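Welcome, and please open your viewer. This tour takes you from one selection to the next and tells you what to look for at each stop.

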Amino acid sequence: MNDKQKEIFEQSKELIVKHKLLFVKDIVDFLPITRKTFYNYFPDGSKERAEISKFLDINKVSIKANVRGKWYNSDNA
């Protein structure tokens with residue numbers, strides 16, 4: 001992985017956490033690269049893509065748990 005890829009990889013993880021992003025498209029919207037470049041840098045099956053996916057999954061699970069908790073504790077039908 002070259003320096004630019006490392007920089008984009010680290011930025012991606014920071015953006016996911018900071019903005020509670022859920023999808024790769026959301027990440028790319030914040031980055032100075034195109035979606036095609038992102039997928040070229042981090043193709044399916046790469047360890048970097050797997051790590052990015054884990055960060056996204058953490059946010060998805062957290063949001064789902066929060067929404068379900070609000071629904072469960074709600075007095076509305």
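## A first stop on a helix

Select T37, which is found in helix α3; helices here are DSSP runs of H or I with at least four residues, strands are runs of E with at least two, and both are numbered from the N terminus. The model is a predicted one, where local features need pLDDT of at least 70 and side-chain atom pairs count only at pLDDT 80 or more, while totals for chains, interfaces and linings use all residues. Residues are numbered from 1 along each chain as its sequence is written, and side-chain values use heavy atoms, leaving out hydrogens and water.

T37 counts as partly exposed, because its relative accessibility is 25% (buried is under 20% relative accessible area, exposed over 50%, partly exposed in between, with a 1.4 Å probe and protein chains only). Now add Q11 to the selection: T37 and Q11 are 26 residues apart in sequence, and 14 Å separates them in space, C-alpha to C-alpha.

## Colour by confidence

Next, colour the protein by pLDDT, the predictor's confidence in each residue from 0 to 100. The average over the protein is 93, and 99% of the residues score at least 70. Among the elements, helix α1 (residues 3-19) has the highest mean, 97, and helix α4 (residues 47-73) the lowest, 91.

## The aromatic cluster

Select F9, F38, Y39, Y41 and F42, which form one aromatic cluster. Rings of Phe, Tyr and Trp (its six-membered ring) pair if their centres lie within 6.5 Å; planes under 30 degrees apart count as stacked, over 60 as edge-to-face and the rest as tilted. By this rule there are four aromatic pairs. Start with F38 and Y39: their ring centres are 5.9 Å apart and their planes stand at 90°, so the pair is edge-to-face. Then turn to F38 and F42, another edge-to-face pair because the planes are at 65°, with the centres 5.1 Å apart. F38 is buried at 0% relative accessibility, whereas Y39, at 32%, is partly exposed.

## Into the core

Keep F38 and F42 selected, and add I27, L31, I52 and L56. These six have the most contacts inside the largest nonpolar core, which has 14 residues; such a core is a set of buried Ala, Val, Leu, Ile, Met, Phe, Trp, Tyr and Cys residues joined through side-chain atoms within 4.5 Å. The elements giving two or more residues to this core are α1, α2 (24-30) and α4, and α1 gives the most, with four.

Centre on L31. Which residues is L31 in contact with, leaving aside its neighbours within four places in sequence? They are I8, Q11, S12, L15 and F38, where contact means heavy atoms within 4.5 Å.

## Along α4

Now show α4, where E48, R49, I52, L56 and N59 are buried. The buried residues of this helix pack against α1, α2 and α3. Measure from end to end if you like: the C-alpha atoms at the ends of α4 are 39 Å apart, which agrees with the 39 Å that its 27 residues should span, the expected span being 1.5 Å times one less than the number of residues.

## Two loop stops

Select S46, in the loop between α3 (35-41) and α4. S46 is buried, with a relative accessible area of 14%. A polar atom of its side chain lies 2.9 Å from the backbone oxygen of P43, and a polar atom of the S46 side chain lies 3.1 Å from the backbone nitrogen of R49.

Finish at K20, in the loop between α1 and α2. K20 has a positive phi of about 50° although it is not a glycine, and K20 is exposed, with a relative accessible area of 59%.

Note on methods: A polar contact is a pair of N or O atoms within 3.5 Å; within protein, one must be able to donate a hydrogen and the other to accept it, and residues adjacent in sequence count only if both atoms are side-chain atoms.
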